[in-house]
Amino acid sequence: MNRCRVLWLFAALLGVVACSSEKKKDNAEIGKSEKLQPSIMVDTMALRKQIFQKQMICNGKLRAVVKSDINFNAAGIISAIHGVNGDYVEKGEVIATLDNKEALIELEKSKREMERADIDLRDKLIGQGYAGDTTAVSAAVLRNLKISSGYSNAEDQLKAAERRLADCYLKAPFGGRIANLDMKMYDRSGNKLCTLIDDSYFDVEFSVLEAEIEDVTLKQRVKVVPFINEEKVFYGKVTEINPFIDEYGQVKVRARVENADGYLVEGMNVKLVLEREVKDCFVVPKDAVVLRDGFQVVFCYKDGKAVWTYVDVVMSNINSHVITGCKVKQTAVSEKDIIITSNNLNLADGTDVIPNSGKRK
């Protein structure tokens with residue numbers, strides 16, 4: 001009996017000690033949670049009205065302003081090709097040649113016929129008493145003598161032979177770059193030898209929504225950025241605005257861009273950025289606006305604390321937002337506000353903050 005009583009007292013003592021330890025642990029946890037959190041370092045900016053670069057971003061594809069599929073005017077076997085894809089040729093430069101043996105023979109034959117007809121014409125002039133001098137012959141008489149002597153026919157045949165020989169040489173109709181050249185020597189000339197592209201300027205066609213058409217004007221500057229390299233930037237101008245809205249509520253616009261360093265290529269996919277200045281806007285970096293409870297908010301710096309302020313974002317570009325007070329929450333922003341622009345995701349209403357300058361504003 002005494003042994004049982006001793007064991008009971010020992011167990012009770014252990015329970016008291018355990019409860020005391022848990023209480024101390026709880027008190028320690030409570031004390032830890034009650035410690036003040038350190039202030040968060042933030043960047044700030046003074047809100048002021050300024051010019052906002054409103055941007056419209058579209059996608060398009062480059063098309064050469066001057067481009068043509070070219071081929072020989074005559075049928076024959078290709079005897080020489082004087083370029084490869086990517087080569088630049090000047091206007092009038094020979095790109096390829098057909099076998100011209102038959103054309104040369106025909107030309108020589110026509111020249112001999114021309115010489116014979118010329119002799120016959122002179123004989124007829126002498127017979128008419130003009131001693132071979134055509135200056136004193138009337139136009140009507142000279143025309144009749146050329147026809148009867150065969151001179152006119154020989155002249156026409158000579159010109160035709162010269163054209164046939166010229167057709168053996170495919171010349172560039174304008175300065176440009178060779179593309180889509182697939183034919184080889186000894187192939188028979190077909191519908192197209194190659195495509196010639198003047199790549200000094202490109203047109204790019206894109207579409208804007210009906211609601212955005214007021215933001216597009218002729219001669220408006222356009223920034224053109226290739227998808228394959230966003231560090232390359234080219235500038236052009238709007239040249240056409242189609243006065244027609246399609247079934248999708250879009251309007252086609254065309255801009256022209258100069259290929260300043262030869263980087264742009266026919267068919268290249270590009271991004272276009274159209275900019276228009278809007279005055280008297282409250283502009284903040286995009287990082288300054290965060291979502292809270294389904295609304296857009298900024299944090300203003302007041303007396304060392306972050307103050308939660310509801311706003312509406314009315315316009316945006318790549319880097320910035322234009323903000324106003326929130327209509328639903330009936331809030332306002334003004335030029336007196338100091339906006340927090342960093343560490344916003346870590347802030348709550350009333351969080352202690354310190355501007356990175358080290359001074360509380």
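Trainee: Is Tyr201 buried, partly exposed or exposed?
Mentor: Good place to start, and keep in mind that this is a predicted model, where local features need pLDDT of at least 70, side-chain atom pairs count only at pLDDT 80 or more, and totals for chains, interfaces and linings use all residues. Residues are numbered from 1 along each chain as its sequence is written, and side-chain values use heavy atoms, with hydrogens and water left out. Buried means under 20% relative accessible area, exposed over 50%, and partly exposed in between (1.4 Å probe, protein chains only). Tyr201 has a relative accessible area of 39%, so the class is partly exposed.

Trainee: Which residues form a nonpolar patch on the surface with Tyr201?
Mentor: A patch takes residues with over 30% relative accessible area and no salt bridge, joining like charges within 9 Å and nonpolar side chains (Val, Leu, Ile, Met, Phe, Trp, Tyr) within 5 Å. Accessible areas come from the Shrake-Rupley method with a 1.4 Å probe, and for residues only the protein chains shown count as cover. The patch has about 220 Å² of accessible area together, and the partners of Tyr201 are Val65 and Val66.

Trainee: Which element gives the largest share of the largest nonpolar core?
Mentor: A nonpolar core is a set of buried Ala, Val, Leu, Ile, Met, Phe, Trp, Tyr and Cys residues joined through side-chain atoms within 4.5 Å. The largest one has 31 residues, and Ile95, Ile178, Leu193 and Leu196 have the most contacts inside it. Elements giving two or more residues include β6 (94–98) and α2 (101–127), where helices (H or I, at least four residues) and strands (E, at least two) are DSSP runs, numbered from the N terminus. The largest share, 6 residues, comes from α2.

Trainee: How far apart are the closest N and O atoms of Asp261 and Lys232?
Mentor: A salt bridge is a side-chain nitrogen of Lys or Arg within 4 Å of a carboxyl oxygen of Asp or Glu. Asp261 lies in the loop between β12 (250–258) and β13 (269–285), and Lys232 in the loop between β10 (221–226) and β11 (234–241). Asp261 is partly exposed at 47% relative accessibility, and Lys232 is partly exposed at 23%. In their salt bridge, the closest N and O atoms are 2.5 Å apart.

Trainee: Which residue meets Lys305 in a salt bridge?
Mentor: Lys305 sits in strand β16 (residues 305–316), and its partner is 47 residues away, in the loop between β18 (338–340) and β19 (353–355). The N to O distance is 2.6 Å, and the partner is Asp352.
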